[in-house]
Amino acid sequence: MSKERLTIKASLQGVSKAKKAILRMGYGSKANFAKSVGLGRTTVTKFFNKQPLEYDSFKKICDNLKLNWQDIAEPSDLVETADNKLQEQGFEEQDLSTDIDVLVQDIREKIRDTIKKRCGTMRVLDMTQPIGLNDIYTDVNILEKITGRRRIDLPELVQRFDPNSEDFNRYGLGQVTEKRVPGIKAVKRYSKLMILGKPGAGKTTFLKYLAIQCIDGDFQANRVPIFITLKQFAEDYSQEDIMTFISSFIAEQGVTHEQISQLLIYGRLLFLLDGLDEVKEEDSERVIRQISEFTNRFSYSRFLKEDSDKLIKNLLDKFKELFCDTYLKCLNSFNNDLADRTSTLNKLRSLLKVFLSEENNYSLEILNTHIQNLDIDELKDTNLTTYFIQLKKSLLEQFQNLRRYEYLEWLESENFRKKNKLLKYIKSFLGKHPNEEHKNLRNSFDKSLQQFINKEVKYDAIVFKNSLLSNLYSNRIFIDSYLKWIFDTFPNTCKLSKNLRKLFYHYQDKRVSELMQLLSNLLKKSPPEDYVELFHYQYPERCYANSFVITCRIAAREEKFEKFVEVEVADFDEKQIETFVHKWFQDREPNPSQIFMQQLKSAPPIAELATNPLLLTLLCLVFQEIAEFPSNRSELYKEGIAILLKKWDGQRLIKRDQVYKKLSSPRKEDLLSQIALTTFERKNYFFRQTEVEQYIADYICNLPDAKTDPEALQLDSEAVLKSIEAQHGLLVERARGIYSFSHLTFQEYFTARKIVTTSNPEVLEQAMQNLATHITEVRWREVFLLALGILPSADSLLQLMKQQVDKLVARSHNLQKFLKSVNRRAILIQGSYKPVVMRAFFLANELSIDQDLSFLLCKEFQLNEDFDIDRLLNHVLNRAFDRTLNRVLLTTDIDIETDITLFLNRALNLNLEPKLKQLLQQLKAQMPDITETKDIWNQWWRTQGSAWATQLKAVMNQYSIGQTWVFTKQQEKVLKQYYNANLFLLECLNSDFYVSLEVRKRIQDTLLLPMVEIKKYK
């Protein structure tokens, strides 16, 4: 572009400086100034109206006002000016590269301290002081497919998400199968990257990390990082565009407009544009337009003609190289005897080498001519000639020894190359000499065979030559190799890369020479901008594209930037969580990170929140203060939700647009609570967009000044949904048109909140009664815990839960009878353990399950089989009957008498109810002393053993000991539900909820009692 055609316009600040200069220099007005310097009034008016002027006119105005035209010009125009001046001056490429490298390092040094100050630390939530970014930063992973844009239907999402299953994985709500890619790798791969993520996902931290890595020389050390907070740019109305804003910012570090322009021209800037979602709605259109224009204009570096020529040559040379390589391989597969034509193969390689070395000549016609000129005699297969000579010798020997008909029979029976053709030839020869003596034909036959061999060897050479020529024009021998090279070498986003693939797929049936010409034409006609990204991949040391990385919350903006690749920040996985926690506590002694992780793994609802870096930070702050996670998790979740709803934005002074003015933060919580309860009751962890929008519409239609028109209400509900997703991340789109809460923990919290947050006592009572009916459902456990934590007093809900637990077995006569038996046995054993502990012990023993309830009731409880009075006395009774009936004489290693005495003594050692102990002692007194002889014992067993065993049986029946219980499958199921529900009830009772002493004692005392005993407590 010539200087006369170049236009420049003044910036807002430039016009202000020019106006002051007119007054300072005494011109008085713009008209006087125009007349004094010999310029047209129209020209001067355009200047002050910030309209484009030709370069000479613009510079003349500035010179007459004693102003530097570069300080007055719009910064973006400075770039174009510098670019055109460089083209006019025709600088040598090597010199330009050297100069720009020096400039890059100079500017990096100038802005280093500023970048370190702005991006080197972070301070969020309730941190008492900033923390070094590198001290806490954990590598970010991204998903190259946006989760909410997946085309997955509901059945596929819910098939592996069943909270009632034993192997339930809470992470399944947000589980994705997409491959995770390191974030820094994505920045390297794409020059235009839009990073989307949920609130608190670590987007800003990642951008700051990129800036620090870049300025420290650990990432893209040949670029200058520019970190821009888009909110700050949007609110600085004195800056007309991004270029002006950048120039103003970087000028403070001693960098001139011209220098920043050169960096732009040569693609040496790494733009980190943070927080597009933080821009106010009123500024959104302007900011998005300016970002789009700016990134489109300065995406690529200056691209010289020599660069495009080099790339074209590289692409065509690779075409020739792959063709020659696959051509030789193909000939080997089509001609098994190619290895025997060593001289031919060497000559062919020489021809291909010449073909490859020919500059700017990509026509196969030359190679074709070379092959056409190959001498047929040079292509003859020496091995084939040798074979035929040996064959001829054999044929002549047999011809001499056999008669004509015998010879033909022999030929038919033998197997040799070209048998049919040779047999036909010999029969023809013999047919021409029907009457001649067979033996006299040898010399003629010899000459005839030689003629046949010469002809066949020559024919083979001709066929081979034709094969060389035909394969030369077959594109299928190499087109796949070339396409694979394109796929492996260049990104799919490159326009030229796409065009190359289209060319070969569309013209795959064309001859190779035609394809070469088509390829050459395509490359030469493509505009330079199509080459830049290809060139960047091929020659990264020589070609730079300005890199742009923008961050934005998911669903915050509908607009898409052309040529930007959109990716999503992945949730933290377990390894990332461990890394973050270790770094957080690395300077603390003793280091509690291991304890943190242990407690986190034992509390899945809390661990679920740790996948979000912001909420993980909250967990670390809490743990740092109290060295554990609070047992009342509702307060923790409440704080986490408050952070997402308002605190996170509030700390950064971000005020977001309210889509619905009457929808304050408390009302948003009410709305989310209503959605949570409705969906949770229906077991809907995923719900369609239309469904959740209807929930929102049902809520907001009751707000003051709400719209009543159905269509307007629908539009408002959609906007509210999107704002909750974008601004708070509490609802997220899991697939196209399918939503869920971002964490199951939040759905459970809001469900609990809806149930117990009401000022109406009757409504609260009914809601808690409904909740209590879910006492046996595993998926409601967390809701119970949260509801108990939210309530000022847990008394009422705990009592309702206890009543519901007791109802499980209340109507079954057999189960009530069983509980009575369990209670009687528990009362028999007195001492340090309360009856409730022993009831839990006997019940678990009967069900053959773990003693969790016993341990929870009494932390000092020591599991000991000798507590089982049933087992002890049953053993004694069975051995006594066995001995009496002479069924068993000895146990494994001791006499049966010793065995019976041992178990009876163990039963007596229990702290039994006095009357029972007295009866057992009387029974023991009837037995001979253990030291008595075998004969005395045998005599006693014959005379008194049976009566003694009957007395023992009577005592056991009197105290319900040793009774055999038979349950149906349904009763067994109910008993296990009953046991687990009591266990959960006790866990709730032992949690950090406010429970009155009276209620606590009543619940503990009546656990596992039959209804008849429970009624005595009323």
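Biologist: In which loop does E74 have its place?

Modeller: In this predicted model, E74 counts as buried at 2% relative accessibility, and its C-alpha atom is 8.1 Å from that of L12, although 62 residues separate the two in sequence. As for its position along the chain, E74 belongs to the loop between helix 5 (69-72) and helix 6 (75-89).

Biologist: How many helices and how many strands does the protein chain have?

Modeller: The chain has 1018 residues, of which 52% count as buried, and its accessible surface comes to about 49,100 Å², with 48% belonging to carbon and sulfur atoms. Among contacts between residues at least 6 apart in sequence, 75% join residues at least 24 apart. The secondary structure of this chain comes to 48 helices and 14 strands.

Biologist: On which side or sides of helix 4 are its buried residues, and what arc do they cover around the axis?

Modeller: The buried residues of helix 4 (residues 55-64) are Y55, F58, I61 and C62. They lie on the same side of helix 4, because the arc they cover around the axis is only 135°.

Biologist: Which residue with a positive phi follows helix 4?

Modeller: The phi of the residue in question is near 60°, on the positive side. The residue that follows helix 4 with this value is K66.

Biologist: What is the order of the strands in the open sheet of seven strands?

Modeller: The pairing in this open sheet is mixed, and its edge strands, each of which pairs on one side only, are strand 6 (180-182) and strand 8 (224-229). Neighbouring strands of the sheet are turned by 30° against each other on average, with direction ignored. Read across the sheet, the order is 6-5-11-7-10-9-8.

Biologist: What angle does the direction of helix 11 make with that of strand 9?

Modeller: Helix 11 (residues 203-215) packs on the sheet, where it touches strand 7 (192-197), strand 8, strand 9 (269-274), strand 10 (547-553) and strand 11 (565-569). The angle between the direction of helix 11 and that of strand 9 is about 160°.

Biologist: Which residue is the bridge partner of I142 in strand 6?

Modeller: Strand 5 (residues 141-143) and strand 6 are joined by three bridges and pair in the antiparallel sense. Within strand 6, the partner of I142 is V181.

Biologist: Which residue of strand 11 does M194 stand opposite?

Modeller: Strand 11 pairs with strand 5 in the antiparallel sense over two bridges, where L143 stands opposite E568, and with strand 7 in the parallel sense over four bridges. Five of the five residues of strand 11 are buried, with V565, V567 and V569 pointing one way and E566 and E568 the other. The residue of strand 11 that stands opposite M194 is E566.

Biologist: Why is strand 9 described as largely enclosed by the rest of the structure?

Modeller: Both faces of strand 9 are covered, with L269, F271 and L273 buried on one side and L270, L272 and D274 buried on the other. Strand 9 is therefore largely enclosed, the count of its buried residues being six of the six.

Biologist: Which residue in strand 10 is the bridge partner of L272?

Modeller: Strand 9 runs parallel to strand 8, to which six bridges join it, and V224 stands opposite L269 in strand 9. Strand 9 also runs parallel to strand 10, with four bridges between them. In strand 10, the partner of L272 is V549.

Biologist: How far apart are the end C-alpha atoms of helix 38?

Modeller: Helix 38 (residues 795-810) has 16 residues, and at 1.5 Å a residue the expected span is 22 Å. Its buried residues include L797, L798, L800, M801 and V805, and what covers the buried residues of this helix includes helix 36 (761-772), helix 37 (781-790) and helix 39 (813-828). In agreement with the expected span, the end C-alpha atoms are separated by 22 Å.

Biologist: What distance separates the C-alpha atoms of L764 and L797?

Modeller: L764 lies in helix 36 and is buried, with a relative accessible area of 18%, which is under the 20% cut-off. Leaving aside its neighbours within four places in sequence, L764 is in contact with I755, V756, T758 and L791. L764 and L797 are 33 residues apart along the chain, and the separation of their C-alpha atoms is 9.8 Å.

Key. Residues are numbered from 1 along each chain as its sequence is written. This is a predicted model: local features need pLDDT of at least 70, side-chain atom pairs count only at pLDDT 80 or more; totals for chains, interfaces and linings use all residues. Side-chain values use heavy atoms; hydrogens and water are left out. Buried means under 20% relative accessible area, exposed over 50%, partly exposed in between (1.4 Å probe, protein chains only). Contact means heavy atoms within 4.5 Å. Accessible areas come from the Shrake-Rupley method with a 1.4 Å probe; for residues, only the protein chains shown count as cover. The arc is that of the directions from the helix axis to the C-beta atoms. The expected span of a helix is 1.5 Å times one less than its number of residues. Two strands pair if DSSP finds at least two bridges between them. Axes are lines fitted to C-alpha atoms, for helices over the stretch in contact, and angles run from 0 to 180 degrees between N-to-C directions.
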